[in-house]
Structure formats: structure tokens, C-alpha cells
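Reader: I'm new to this one. Could you take me through it and explain your words as you go?

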Amino acid sequence: MKKILAFAGSNSSNSINQIFVKYVASQVTEHDVKVLQLVNYPLPMYSQDEEAKGFNGMLLGLKQEISEVDALIISLNEHNGSFSAFFKNIIDWLSRLDREFLKNKKILLMSTSPGKRGGLAALEFGKKVLPRFGAEIIQSFSFPLFYDNFSEENLEVTNDILAIGLKEVIHTFSHQIQTED
């Protein structure tokens with residue numbers, strides 16, 4: 001059994017990416033999955049001046065959480081063709097603390113949005129950026145039209161084709177992290 005940390009790259013109080021990542025985490029039954037809300041790790045906007053003041057305890061705590069797991073499940077929200085400034089700020093701080101803070105971490109990278117592309121631009125951007133810090137993206141999934149394809153009331157995917165595709169991605173991810181040491 002592997003340890004997995006799951007979170008969304010959003011600071012919205014009603015984040016559909018947080019709902020989605022919690023759902024996906026609940027579908028991973030053969031590993032120990034812990035779901036975080038990054039908004040509970042408040043960090044100032046990164047700058048060299050702020051860094052000169054030192055690394056705060058919240059950042060150190062988040063880095064510790066990441067270091068203790070074998071894999072991550074991340075769902076990215078999209079802002080103007082990239083992931084959010086909130087998530088970028090988290091990445092900036094973590095990378096200043098340890099440039100390879102994702103070294104040896106297997107990642108299931110996802111995105112969702114109310115639109116037809118499902119946050120695909122943020123997902124593609126994340127696939128390019130996160131490996132710079134040591135991440136190995138082993139699976140990815142873009143979930144389009146969140147409100148049309150997911151029931152928040154029943155916590156389930158309502159589109160059969162998306163449900164099958166997501167189930168396959170989760171199974172493959174779970175198997176890949178289990179077999180690799």
C-alpha cells in the first residue's frame with residue numbers, strides 16, 4: 001500500500017476541482033489517500049523580499065506532507081490558459097524551499113471546469129511545469145462540463161463514457177504506483 005496526497009490547485013471556497021479531487025481520492029481503494037485543501041496553507045505572494053523573511057511554518061508543513069507520500073493526485077483549475085495564481089504561488093514557495101520538492105513523486109494530474117475543454121490548458125501547462133521540480137506525471141485526465149457530467153448531490157460521474165475513462169485512469173495510476181519502487 002502506497003501513501004498518496006490529493007489536493008486541488010484552487011483557493012475557491014466552492015472549488016469544483018476540490019470536489020473532483022475528493023471524488024477521485026475516494027475511488028482509490030488500494031492505497032492510503034489523504035486529501036488536503038491548499039487554502040489551509042496560507043502563504044504571502046512570493047517575492048525575494050518575502051523569502052528574505054524566512055520560510056513560514058505553513059510552507060514547511062506542506063513540504064513535509066509532500067515528502068511523506070509516494071504519489072500525488074492534483075486537480076488544476078484554469079485561469080486564462082494556465083493554472084491559478086494561487087497554485088503558482090504555492091509552487092514558487094515550495095521550489096524556493098527545495099528545487100526538487102517533487103522528486104520521485106508519481107502524479108495523477110487532472111483538471112475540470114464548467115467548459116467543454118475541462119481545464120485542458122491548465123492541465124497541459126501543469127504537465128510541462130511540474131516535471132521541472134522532479135515530478136513524474138504518470139496519468140492525466142481532463143474532465144469537461146463538470147456541472148453536466150458530475151452529480152454533486154450523489155457524488156458520482158453521470159456521463160458513462162467519462163466514468164469509464166476516469167475509472168481506467170485511476171486503475172492504471174494505482175497499478176503503476178504499486179509496481180514501482
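**Asking what the words mean**

Author: Let's start with Leu155, which is exposed, with a relative accessible area of 52%. This is a predicted model, where local features need pLDDT of at least 70, side-chain atom pairs count only at pLDDT 80 or more, and totals for chains, interfaces and linings use all residues. Residues are numbered from 1 along each chain as its sequence is written, and side-chain values use heavy atoms, leaving out hydrogens and water.

Reader: Why is Leu155 called exposed?

Author: Exposed means over 50% relative accessible area, buried under 20%, and partly exposed in between (1.4 Å probe, protein chains only). Leu155 has 52%, so exposed it is. You'll find Leu155 in the loop between strand S8 (150-151) and strand S9 (156-157). By the way, strands are DSSP runs of E with at least two residues, helices are runs of H or I with at least four, and both are numbered from the N terminus.

Reader: What makes the phi of Leu155 worth a mention?

Author: Its phi is positive, about 50 degrees, and Leu155 is not a glycine. Most residues other than glycine have a negative phi. Asn104 is another non-glycine residue with a positive phi, near 65 degrees. Asn104 lies in the loop between H4 and S6, and its relative accessible area of 59% makes Asn104 exposed, too.

Reader: Now the opposite word. Why is Lys106 called buried?

Author: Lys106 has a relative accessible area of 16%, so it falls under the cut-off and counts as buried. Lys106 belongs to strand S6, residues 106-112.

Reader: What makes the pairing of Lys106 with Glu136 a polar contact?

Author: The two side chains come to 2.6 Å. A polar contact is a pair of N or O atoms within 3.5 Å; within protein, one must be able to donate a hydrogen and the other to accept it, and sequence neighbours count only if both atoms are side-chain atoms. So the 2.6 Å between the side chains of Lys106 and Glu136 fits that limit.

Reader: Where else in S6 should I look?

Author: Try Ser111, also in strand S6. Its relative accessible area is 0%, so Ser111 is buried. Leaving aside neighbours within four places in sequence, Ser111 is in contact (heavy atoms within 4.5 Å) with residues including Asn17, Phe20, Leu123 and Phe143.

Reader: How do you know that Leu123 is buried?

Author: Its relative accessibility is 3%, so Leu123 counts as buried. Leu123 sits in helix H5. Its C-alpha is 6.3 Å from that of Met110, 13 residues apart in sequence. Not counting residues up to four places away, Leu123 touches Met110 and Ser111, among others.

Reader: Why are H3 and H4 called roughly perpendicular?

Author: Helix H3 (residues 57-67) and helix H4 (residues 85-97) pack at about 80 degrees, with their axes 10 Å apart. Axes are lines fitted to C-alpha atoms, for helices over the stretch in contact, and angles run from 0 to 180 degrees between N-to-C directions. Angles of 65 to 115 degrees count as roughly perpendicular, under 35 as roughly parallel, over 145 as roughly antiparallel and the rest as oblique. About 80 degrees falls in that 65 to 115 range, so H3 and H4 are roughly perpendicular.

Reader: Which residues meet where H3 and H4 touch?

Author: Leu59, Leu60, Leu62, Lys63 and Ile66 of H3 meet Ile90, Trp93, Leu94 and Leu97 of H4. By class, that contact has eight nonpolar residues, no polar ones and one charged residue. Ile66 is buried, because its relative accessible area is 2%. The C-alpha atoms of Ile66 and Leu5 are separated by 7.0 Å, though their positions lie 61 residues apart along the chain.

Reader: What makes a group of residues a nonpolar core?

Author: It is a set of buried Ala, Val, Leu, Ile, Met, Phe, Trp, Tyr and Cys residues joined through side-chain atoms within 4.5 Å. The largest one here has 30 residues, and those with the most contacts inside it include Phe7, Leu62 and Ile74. H4 gives the most to this core, with six residues. Leaving aside neighbours within four places, Ile74 is in contact with Phe7, Phe87 and Leu130, among others. Apart from that core lies another, of 26 residues, among them Ile4, Phe20, Val28 and Ile177.

Key:
Ala, Val, Leu, Ile, Met, Phe, Trp, Tyr, Cys and Pro count as nonpolar, Asp, Glu, Lys and Arg as charged, and the others, Gly among them, as polar.
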